[in-house]
Amino acid sequence: MTSVAVKARVTGHVQGVAFRTWARAEALRHGLTGWIRNEPDGSVRALLMGPASSVADMVRRMGRGPGAASVKDVLTEKTDPETGIKGFQIVG
């Protein structure tokens, strides 16, 4: 099983709609590690680390988001894994 790390930037109406809490629960359910945070521009940024298929599935799920969200786009870029991260945290 190949492990990957991806940074994602989610735009649209994604702040104030429980997006980070929903994403954390989804990431943990998929066995991913990383973090998620609100950005000053209204977007949400996340680091997703884990099996390639699980990360890809999570990116697809983030494109739909929870019911109250209105996702415009999910931009991703491969990155190096961050060490020392345990679980999946909401960091801001």
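**Exercise 1. Pairing around strand 2**

Which residue of strand 3 does Gly34 stand opposite? Work out the pairing on both sides of strand 2, keeping in mind that this is a predicted model.

*Solution.*
- Step 1: Gly34 stands opposite Leu48 in strand 3.
- Step 2: Place that pair in its ladder. Strand 2 (residues 33-38) and strand 3 (residues 44-51) are antiparallel, with six bridges between them.
- Step 3: Look at the turn of this hairpin. Five residues lie between strand 2 and strand 3, and Gly42 takes a positive phi near 95° in the hairpin.
- Step 4: Turn to strand 5 (residues 88-90), which pairs with strand 2 in the parallel sense over three bridges. Here Trp35 has Gln89 as its bridge partner in strand 5.

**Exercise 2. Assembling the sheet**

Find the strand order of the sheet and name its edge strands.

*Solution.*
- Step 1: Start with strand 1 (residues 3-13). Strand 1 runs antiparallel to strand 3, and eight bridges join them. Within that pairing, Ala5 stands opposite Met49 in strand 3.
- Step 2: Put the ladders together. The result is an open sheet of five strands in the order 4-1-3-2-5, with mixed pairing.
- Step 3: Read off the edges. Strand 4 and strand 5 each pair on one side only, which makes them the edge strands.
- Step 4: Add the twist, which averages 20° from one strand to the next.

**Exercise 3. Helices on the sheet**

Describe how helix 1 and helix 2 lie relative to the strands.

*Solution.*
- Step 1: Helix 1 packs on the sheet and touches strand 1, strand 2, strand 3, strand 4 and strand 5; its direction makes about 175° with that of strand 5.
- Step 2: Helix 2 runs at about 150° to strand 3 and lies across strand 1, strand 2, strand 3 and strand 4.
- Step 3: Check the length of helix 2 (residues 52-64). Its 13 residues should span 18 Å at 1.5 Å a residue, and the end C-alpha atoms are 19 Å apart, which agrees.
- Step 4: List the buried residues of helix 2: Ser54, Val55, Asp57, Met58, Val59 and Met62. Their cover includes strand 1, helix 1, strand 2, strand 3 and strand 4 (70-78).
- Step 5: Finish just past the helix. Gly65 follows helix 2 and has a positive phi, near 70°.

**Exercise 4. Val10 and an aromatic pair**

Is Val10 buried or exposed? Identify what Val10 touches, then characterise the aromatic pair.

*Solution.*
- Step 1: Val10 sits in strand 1. With 0% relative accessibility, Val10 counts as buried, the limit being under 20%.
- Step 2: Leaving aside residues up to four places away in sequence, Val10 touches Phe19, Ser43, Val44, Met62, Val71, Asp73 and Val74.
- Step 3: Search the whole structure for aromatic pairs, and one turns up. The rings of Phe19 and Trp22 have centres 5.5 Å apart and planes at 55°, so the pair is tilted.
- Step 4: Place the two rings. Phe19 and Trp22 are three residues apart in helix 1 (residues 19-29), which is about one helical turn. Both Phe19 and Trp22 are buried.

**Exercise 5. Salt bridges**

How many salt bridges does the structure hold? Trace what three of them connect.

*Solution.*
- Step 1: The structure holds six salt bridges.
- Step 2: Take Asp41 and Arg9, whose closest N and O atoms are 2.8 Å apart. Asp41 lies in the loop between strand 2 and strand 3 and Arg9 in strand 1, so this bridge ties together parts 32 residues apart in sequence. Asp41 counts as exposed at 52% relative accessibility, while Arg9 is partly exposed at 24%.
- Step 3: Take Glu26 and Arg61, which meet at 3.4 Å, N to O. Glu26 belongs to helix 1 and Arg61 to helix 2, so the pair ties together parts that are 35 residues apart in sequence. Glu26 is buried at 11% relative accessibility, and Arg61 is partly exposed at 23%.
- Step 4: Take Asp57 and Arg60, with closest N and O atoms 3.6 Å apart. These two are three residues apart in helix 2, about one helical turn. At 19% relative accessibility, Asp57 counts as buried.
- Step 5: Join the pieces. Glu26, Arg29, Asp57, Arg60 and Arg61 are linked in a network of salt bridges.

Notes: Residues numbered from 1 in each chain as written. Predicted model: local features only at pLDDT ≥ 70, side-chain atom pairs only at ≥ 80, totals over all residues. Heavy atoms only, no water. Phe/Tyr/Trp six-rings, centres within 6.5 Å; stacked < 30°, edge-to-face > 60°. Helix = DSSP H or I, 4+ residues; strand = E, 2+ residues; numbered from the N terminus. Buried < 20%, exposed > 50% of the residue type's maximum accessible area, 1.4 Å probe, protein only. Contact = heavy atoms within 4.5 Å. Pairing = 2+ DSSP bridges. Expected span 1.5 Å × (residues − 1). Axes fitted to C-alpha atoms, helices over the stretch in contact; angles between N-to-C directions. Salt bridge = Lys/Arg side-chain N within 4 Å of Asp/Glu carboxyl O.
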